[in-house]
Every structure is written in structure tokens, then in C-alpha cells.
Amino acid sequence: MSIRITSDSTCDLGHLVAERNIGILPLQVNLDADSFHDGVDITPEDIFKFVAEKKILPKTSAPSIGDYEEFFTAQLKDYDEVIHFNISAKSSGSHNMALQAAESFNGKVHVIDSMALSSGQGLLVMKAADLRDEGKSAKEIVAEVEEIRTHVNTSFIPDSLDYLHKGGRVSGMVKLAAGLFKIHPLIMMDNGQLVPGKKYKGKMSMIIKQYIEDLKEMYPSYDKTRCFITHSTADPELVELAKEKVKELFDFDEVIETVAGSIVTSHCGRNTLGVLFVYNK
């Protein structure tokens, strides 16, 4: 049985989508009255320009049930089954839309709540592609990725809390204090939702080093297959520093840089950086 691995666009896999034969359904980004599709006709630079001019965040929206039905129908023209990944159900309505759409396909479409976002979701998509290429059945793939999705480190450090404040995720008082005292809170996924973690203080270069050292201490045992360093158009020097530190402390087969798409960028702002991987229980 041929299996198609698909995801909504929040997986932030960049060039790996084509390389690993992964289907993508874009989520929608709305800039005032104009609508765009993530990864298709809008870039993070468009987001930064819009926020700078309008002082508000873009609106993002999930595909409709009809959009999902059309997407799954197209995938099943050349494949027997589809395994589809969504951004955490606690962050978007896209998962429930996909579940309802899947009911029309008599068990040929398997919909998975990644309980993550960005390349945290991408790690599960890539794992599914690995298992597909090993010849595993759809049932086996679904079971394995649902087992590991509860131990994916999805975390990042924002340079500024401006976007998180505009989106209502942090208060004005917290944003003010962070700016005055150069505080950068760790933001992580916990049981499918974003929560604050340790508060770092100082320059981003020093913070990124400490963040990666803390990850090594928190997760001494991990899946060595791959690690993502995902950022929202971060300074190149910061990205290189993160790569070097990860390679120094960890032993991943691959350390892959990806740039966050418009959906994730809309909520975190420029210069946010995360190191994401699967850890062992």
C-alpha cells in the first residue's frame, strides 16, 4: 500500500518537503482585507513590514473542512492512504477541521494532532517519512509517531516579547520588564500548548549558549537522528553560534537549519530561535 505523508504548513520543513515527498496544505494569513497562503504567496518579511506599519499582528486561519476534503482527494489520486499532521489542536482549529474531513474517506486518511508546532511538528512528519521509507504500514506509522509526540522538545527563545504581547500571550507589564532588564523567557510546548519556562537575562548570544546547555542537561538521552535549529529570520551570527553549540554538546546525525514560515513568524517576531529534537523518556 502506498502512503502519502502530509502536513499543514506550520511544520516549517522548507526544502525537506520536496526532498522527502511530503504534501503541504497551507494555512491562511490575513493582512487586513488581503488573504495569503503560508509558504506560497507571503513571506516573513511581509509580516514584519505589516506589523511595523499597522502596529497589529496578522490574523491567521485554518483551512475549511471543504479545503481539507479537496486536499485529501487530490492526495489519494496517486496513493492508497494519507497520514496527515496538524499543528496542536490547542493552538488552532485546523486539526478538528481535518478530522471532520477525514470521515468522508472510509479510513484512508489518518489525522494526527502533533501537539506541537513549527519543526516540533516537523520532527514527527520526518519520522513518519522515515517509517514510510522503511516499508511500515500506515497503522504502524501512526502508532509510532503518536507514541513519540509526547516527548518532542519544542522550545524557543524570543529576542523580543513585542509580538507575543500583541497576540495577548504576555501582559504589558511583563513586556515592559523584559525590555528594561533584558529578560528573554523560554517558551515551550507542554501537553500541546505554549507555556513560559526559565527566564534568561542578557545578550541573545549568551542566552542561546545557556539555553542549549540547559537542553543538554534536561535531555541527556535523545534520538540522535536529527535536530532542527529553527528561527524567524534570526541574525546569521546567532544561528551559527547555535549550530556550533549543538554540535559541541550533542551527537545528532543531522543538524538542520530551517526558517519559520509566516504562521509561526506572525506570533513570535524576528530573531526568535529554537533547538528542537526528540528526547527519550
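Two residues are in contact when heavy atoms of one lie within 4.5 Å of the other. By that criterion, among contacts in this chain between residues at least 6 apart in sequence, 75% join residues at least 24 apart. The model is a predicted one.

**Overall form**

The chain comprises eleven helices and 14 strands, and its C-alpha trace spans about 55 × 45 × 30 Å along the principal axes. Because a compact globule of 281 residues would have a radius of gyration near 19 Å, the 18 Å computed for the chain agrees with that form. Of the 281 residues, 52% count as buried, while the chain exposes about 12,900 Å², of which carbon and sulfur atoms supply 50%. As one example of separation within the model, the C-alpha atoms of Asn-106 and Asn-271, which are 165 residues apart along the chain, are separated by 44 Å.

**Nonpolar cores**

The largest nonpolar core holds 26 residues, and those that touch the most other members are Ile-5, Leu-13, Ile-83, Phe-85, Val-125, Ile-141 and Phe-228. Two or more residues of this core come from each of strand 1 (3-8), helix 1 (16-19), strand 6 (81-86), helix 5 (118-133), helix 6 (138-148) and strand 14 (273-278), with helix 5 giving the largest share, six residues. Ile-141, one of the residues named above, is in contact with Ile-3, Ile-83, Ala-128, Leu-131, Arg-132 and Lys-136 when its neighbours within four places in sequence are left aside. Apart from this core lies another, of 25 residues, including Tyr-200, Tyr-211, Leu-273 and Phe-277.

**Surroundings of Ser-155**

Ser-155 lies in strand 9 (residues 155-156) and, at 3% relative accessibility, is buried. Its side chain makes polar contacts with two other side chains, that of Asn-153 at 3.0 Å and that of Tyr-211 at 2.8 Å. Not counting residues up to four places away in sequence, Ser-155 touches Leu-186, Ile-187, Met-188, Tyr-211, Leu-215, Gly-274, Val-275 and Leu-276. Tyr-211 thus appears both as a polar partner of Ser-155 and among the members of the 25-residue core.

**Cysteines**

A search of the whole structure finds zero disulfides. Cys-227 is in none, since the nearest cysteine sulfur, that of Cys-11, is 16 Å away, whereas a disulfide requires a pair of cysteine sulfur atoms within 2.5 Å. Cys-11 is buried, with a relative accessible area of 2%, and Cys-227 is likewise buried, at 0%.

**Loop residues**

Three loop residues are set out below with their accessibility.

| Residue | Loop between | Relative accessible area |
|---|---|---|
| Asp-32 | strand 3 (28-31) and strand 4 (34-37) | 48%, partly exposed |
| Asn-106 | helix 4 (94-102) and strand 7 (109-113) | 73%, exposed |
| Thr-233 | strand 12 (227-231) and helix 10 (236-249) | 25%, partly exposed |

Two of these residues also have a backbone feature to record: phi of Asp-32 is near 55 degrees, a positive value in a residue other than glycine, and Thr-233, which is not a glycine either, has a positive phi of about 50 degrees. Asn-106 counts as exposed because its relative accessible area is 73%, above the 50% cut-off, while Asp-32 at 48% remains partly exposed.

Key
Residues are numbered from 1 along each chain as its sequence is written. This is a predicted model: local features need pLDDT of at least 70, side-chain atom pairs count only at pLDDT 80 or more; totals for chains, interfaces and linings use all residues. Side-chain values use heavy atoms; hydrogens and water are left out. Buried means under 20% relative accessible area, exposed over 50%, partly exposed in between (1.4 Å probe, protein chains only). Helices (H or I, at least four residues) and strands (E, at least two) are DSSP runs, numbered from the N terminus. A polar contact is a pair of N or O atoms within 3.5 Å; within protein, one must be able to donate a hydrogen and the other to accept it, and residues adjacent in sequence count only if both atoms are side-chain atoms. The radius of gyration is taken over C-alpha atoms; the globule rule is 2.2 Å times the number of residues to the power 0.38. Accessible areas come from the Shrake-Rupley method with a 1.4 Å probe; for residues, only the protein chains shown count as cover. A nonpolar core is a set of buried Ala, Val, Leu, Ile, Met, Phe, Trp, Tyr and Cys residues joined through side-chain atoms within 4.5 Å.
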